[in-house]
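Biologist: I would like to learn how to read a model of this kind, feature by feature. Could you take me through one, giving the general idea before the particular case?

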Amino acid sequence: QVQLVESGGGLVQVGDSLRLSCAASGRTINEYDMGWFRPNLGKERGFVATISRWGDSTHYADSVKGRFTISRDVAKNTVYLQMNNLKPEDTATYYCGGRRGFGGDYDVWGQGTQVTVSS
């Protein structure tokens, strides 16, 4: 089972940027679809962005499209979320998640990192 540890959160101003990191250990991220999630519409972990285990496909929630970019560094076994032009509504705890199966729910989670965007 992979273990995930997020970092990079903090307090920023509207319009600022942050890069979140998700360091994986125990297994390689090549075995997992990976993603970033935050509370949304009553869900503790709502979809923000995902990247396929082969790194060839990314998807974004409409609310972050054009501002956030998910990427990965296989050599470092790390997934990133570059967040630009941050807005107050981006304030949340961000969770890194992994899914080893093909389809279905993400079932491996980090502890979360807090992002606060102040106006």
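Modeller: We will go through the sheet, the core, the salt bridges and a few loop residues in turn, keeping in mind that this is a predicted model.

Biologist: Let me begin with the strands. In what order do the 4 strands of the open sheet lie, and what is the sense of their pairing?

Modeller: Reading a sheet starts with asking which strand lies beside which. Here an open sheet of 4 strands runs in the order β1-β3-β8-β7, and the pairing is antiparallel. From one strand to the next the twist averages 20°.

Biologist: Which strands stand at the edges, and what does that leave on one side of each?

Modeller: The edges are taken by β1 (3–7) and β7, and because each has a single partner strand, one side of each is left without a neighbour in the sheet. On the inner part of the order, β3 is joined to β8 by 6 bridges, with the two strands running antiparallel, and Arg 19 has Gln 82 in β8 as its bridge partner. Strand β8 also pairs with β7 in the antiparallel sense, again over 6 bridges, and in that pairing Ile 70 is matched with Leu 81 of β8.

Biologist: How many residues of β8 are buried?

Modeller: The general idea is to compare each residue's relative accessible area with a cut-off, and a residue under 20% counts as buried. In β8, 5 of the 6 residues are buried, so this strand is largely enclosed by the rest of the structure.

Biologist: Then let us turn to the interior. Which residues of the largest nonpolar core touch the most other members?

Modeller: A core is read by looking for the members with many contacts and then for the elements that supply them. The largest nonpolar core has 29 residues, and those touching the most other members are Met 34, Trp 36, Leu 81, Met 83 and Tyr 94. At least two residues of this core come from each of β3 (18–25), β4 (33–40), β5 (43–51), β7 (68–73), β8 (78–83), β9 (92–99) and β11 (113–118), with β3 giving the largest share, 4 residues.

Biologist: Which residues does Met 34 touch, leaving aside those up to four places away in sequence?

Modeller: Its contacts, counted in that way, include Leu 4, Cys 22, Ile 29, Ile 51, Ile 70, Val 79, Cys 96 and Tyr 106.

Biologist: Now for the charged side chains. How many salt bridges does a search of the whole structure find?

Modeller: The search finds 8 salt bridges, and for each one it helps to ask where the partners sit and whether they are buried or exposed. Arg 99 and Asp 33 form one of them, with their closest N and O atoms 3.1 Å apart. This pair links distant parts of the chain, since Arg 99 belongs to strand β9 and Asp 33 to strand β4, 66 residues apart. Both Arg 99 and Asp 33 are buried.

Biologist: Are Lys 65 and Asp 62 buried or exposed?

Modeller: Lys 65 and Asp 62 are both exposed, and they form a salt bridge in which the closest N and O atoms are 3.1 Å apart. Another salt bridge brings together the side chains of Arg 67 and Asp 90, at 2.7 Å from N to O. Arg 67 lies in the loop between β6 (58–60) and β7, whereas Asp 90 lies in the loop between β8 and β9, 23 residues apart. Arg 67 is buried, its relative accessible area being 9%, and Asp 90 is buried too, at 0% relative accessibility. Salt bridges with shared partners also join Arg 27, Glu 31 and Arg 100 into one network.

Biologist: Finally, the backbone angles. Which residue in the turn of the β7 and β8 hairpin has a positive phi?

Modeller: As a general rule, most residues other than glycine have a negative phi. The hairpin of β7 and β8 has 4 residues between its strands, and Asn 77 in the turn has a positive phi of about 55°. Asn 77 counts as buried, at 13% relative accessibility. Asn 85, in the loop between β8 and β9, likewise has a positive phi, near 50°, and is partly exposed with a relative accessible area of 41%.

Note on methods:
Residues numbered from 1 in each chain as written. Predicted model: local features only at pLDDT ≥ 70, side-chain atom pairs only at ≥ 80, totals over all residues. Heavy atoms only, no water. Core = buried A, V, L, I, M, F, W, Y, C linked by side-chain atoms within 4.5 Å. Buried < 20%, exposed > 50% of the residue type's maximum accessible area, 1.4 Å probe, protein only. Contact = heavy atoms within 4.5 Å. Pairing = 2+ DSSP bridges. Axes fitted to C-alpha atoms, helices over the stretch in contact; angles between N-to-C directions. Salt bridge = Lys/Arg side-chain N within 4 Å of Asp/Glu carboxyl O.
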